[in-house]
Amino acid sequence: MFINKRKYSTNAEQGQLNGGLKNQQKFTPDTPKMIEFIQCGCYHRSDGGSSAPVMKMTEKASIKEPEHMKILEERIRKDGVVKEGNVLKVDSFLNHQMDVSLFHEMGLEWKRLFEGKNINKILTIEASGIGIACVAAECFGVPVVFAKKTASINLDGDMYTAKVESFTKKKVSDVIVSKKFLGPDDHILIIDDFLANGCAVMGLIDIINASGATLEGVGIAIEKGFQKGGAEIRARGIQLESLAIVESMDATTGEIVFH
Ligand code: 5GP
């Protein structure tokens, strides 16, 4: 019997771990998440070959992590600024300067969360969703279409349109998507940076419905769980995957509590 504290980081190692776990709690092939456990012994195969180790999991490793991303939460805690009016500023890595490696991790996480869904296109909305959606689209191997905000609509029938009220600017704009880029054969994943009251996502859903395309799900970087958008989208039976859910935030203290 030996005690060997070890960190497992690859899917292959996790697979080996699953083999050794038999009918106990199994790991899903997560994004490279460090899994720490105590290796407490080996059993031997009858052919004398090397065996899958018998693992006694520490509590930390045996509980599946919640589906949102710890690295995103940590980054929000470190660099996010809580403003009056329930606005979270994440300009230094998401909305102005963009941390593309973080976007890549987010794209991979959505790919994992929407595995098995037949997604052939990502739809987002101008402007801050575009960067995240582009990197996610590379992870899915599909194109991105973004809904354009416009002051005047050209009503020649070539566009799907919806009205969207901006949460941060409190202004209603028409958003348009060309009929050339959305149609009944499309299976759409909506991606956006924030979910607050759900106006942006609902506008995109209206456009998808008008086009006859199928909505496969919604991927959000940061959901403000204390606002109504998330509950309304989930109530419609739509798969909504928010990578970080802010439960509460305080502009006076700067404190941010995650779900
Ligand atoms: P909703 O339409 O769900 O009310 O708001 C979502 C949109 O408003 C997102 O596309 C995002 O651009 C913007 N938004 C909402 N809340 C915030 C916030 O707290 N911070 C930032 N930076 N943008 C937000």
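In this predicted model, Ser-248 stands opposite Val-257 of strand E13. That position belongs to the pairing of strand E12, residues 240-249, with E13, which runs in the antiparallel sense over 3 bridges. Strands of a sheet pair through backbone hydrogen bonds, either parallel or antiparallel.

The wider setting is an open sheet of 8 strands with mixed pairing, in the order E8-E9-E7-E6-E10-E11-E12-E13. Its edges are formed by strand E8 (159-165) and strand E13 (256-258), each of which pairs on one side only. On average, and with direction ignored, neighbouring strands of this sheet are turned by 30° against each other.

Helices pack on this sheet. Helix H5, residues 100-113, touches strand E11 (214-224) and E12, and its direction makes about 115° with that of E12. Helix H7 also packs on the sheet, where its contacts are strand E6 (121-125), strand E7 (144-150), E8, strand E9 (172-178), E10 and E11. The direction of H7 makes about 160° with that of E8.

The ligand provides a further point of orientation. It is surrounded by 18 residues, of which the closest are Phe-167, Ala-196, Asn-197, Cys-199 and Ala-200. Two or more residues of this shell come from each of strand E5 (87-89), strand E10 (187-195) and helix H7 (199-211). Strand E10 gives the most, with 4 residues. Both E10, a member of the 8-stranded sheet, and H7, which packs on that sheet, thus appear again around the ligand. By class, the shell comprises 8 nonpolar, 7 polar and 3 charged residues.

Notes. Residues numbered from 1 in each chain as written. Predicted model: local features only at pLDDT ≥ 70, side-chain atom pairs only at ≥ 80, totals over all residues. Near = placed C-beta within 6 Å. Nonpolar A, V, L, I, M, F, W, Y, C, P; charged D, E, K, R; others polar. Pairing = 2+ DSSP bridges. Axes fitted to C-alpha atoms, helices over the stretch in contact; angles between N-to-C directions. Contact = placed C-beta atoms within 7 Å.
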